[in-house]
Amino acid sequence: MSHNNELLVSTHDAESLAYVLGDRHLAARYSSETDALAEILMEARMVPHDEVPANRVAMNSRVTYRESDGPARTVTVVHPAGADAGKLRISVLSPVGRALLGRRPGASVKVIVPGGRGLTLHILAVER
């Protein structure tokens with residue numbers, strides 16, 4: 001994996017996400033999603049919270065991305081309890097939320113959305 005696409009996750013976010021992964025009720029309801037998030041956390045390089053560059057997607061980051069040639073969308077990556085599609089607050093357990101975590105502007109990431117359709121997300125901007 002090229003350094004440009006390396007996933008960086010803060011130890012603070014990793015700890016809070018470990019609680020999500022350890023929540024038996026969530027794990028039972030979203031077993032494939034929690035498994036996929038666990039894989040991402042294992043792949044990511046953990047760094048102290050204050051060493052994560054501001055342009056990396058962290059929890060509660062606002063991320064602007066586009067799908068292939070589609071319009072740009074701006075979402076906030078949040079914990080499952082805070083997810084609200086109407087306010088463009090997407091769960092870190094969702095395919096798009098998981099795909100964005102730890103990435104930076106300029107990265108492109110493939111994601112499979114419900115129904116099995118594959119998309120490529122191009123990250124345009126990140127703000128915390």
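**Fold, strands and core of a predicted model**

The protein chain exposes about 7100 Å², and carbon and sulfur atoms supply 52% of it; such areas come from the Shrake-Rupley method with a 1.4 Å probe, and for residues only the protein chains shown count as cover. This is a predicted model, in which local features need pLDDT of at least 70, side-chain atom pairs count only at pLDDT 80 or more, and totals for chains, interfaces and linings use all residues. Residues are numbered from 1 along each chain as its sequence is written, and side-chain values use heavy atoms, with hydrogens and water left out.

Q: In what order do the elements of the protein chain run from the N terminus on?
A: Helices (H or I, at least four residues) and strands (E, at least two) are DSSP runs, numbered from the N terminus. The protein chain has four helices and seven strands. Their order is β-α-α-α-β-β-β-β-α-β-β.

Q: Why is the protein chain said to be as compact as a globular protein of its length?
A: The radius of gyration is taken over C-alpha atoms, and the globule rule is 2.2 Å times the number of residues to the power 0.38. For 128 residues the rule gives 14 Å, and the protein chain is as compact as a globular protein of that length because its own radius of gyration is close to this, at 14 Å.

Q: Which residue in the turn between β3 and β4 has a positive phi?
A: Two strands pair if DSSP finds at least two bridges between them. β3 (residues 62–67) and β4 (residues 72–78) pair in the antiparallel sense over five bridges, and Val63 has Val75 of β4 as its bridge partner. The two strands form a hairpin with four residues between them, and the turn residue with a positive phi, about 45 degrees, is Ser68.

Q: Which residue of β7 stands opposite Tyr65?
A: β3 also runs antiparallel to β7 (residues 117–127), and six bridges join them. Opposite Tyr65 in β7 stands Ile123.

Q: Which element gives the most to the largest nonpolar core?
A: A nonpolar core is a set of buried (under 20% relative accessible area, 1.4 Å probe, protein chains only) Ala, Val, Leu, Ile, Met, Phe, Trp, Tyr and Cys residues joined through side-chain atoms within 4.5 Å. The largest one has 31 residues, and Leu17, Val63, Val77, Leu100, Leu101 and Leu121 touch the most other members. At least two residues each come from α1, α3, β3, β4, α4, β6 and β7. The element that gives the most, with four residues, is β7.

Q: What share of the 128 residues counts as buried?
A: In soluble globular proteins, nonpolar side chains tend to be buried together. In this protein chain, the share of residues that count as buried is 41%.

Key: Buried means under 20% relative accessible area, exposed over 50%, partly exposed in between (1.4 Å probe, protein chains only).
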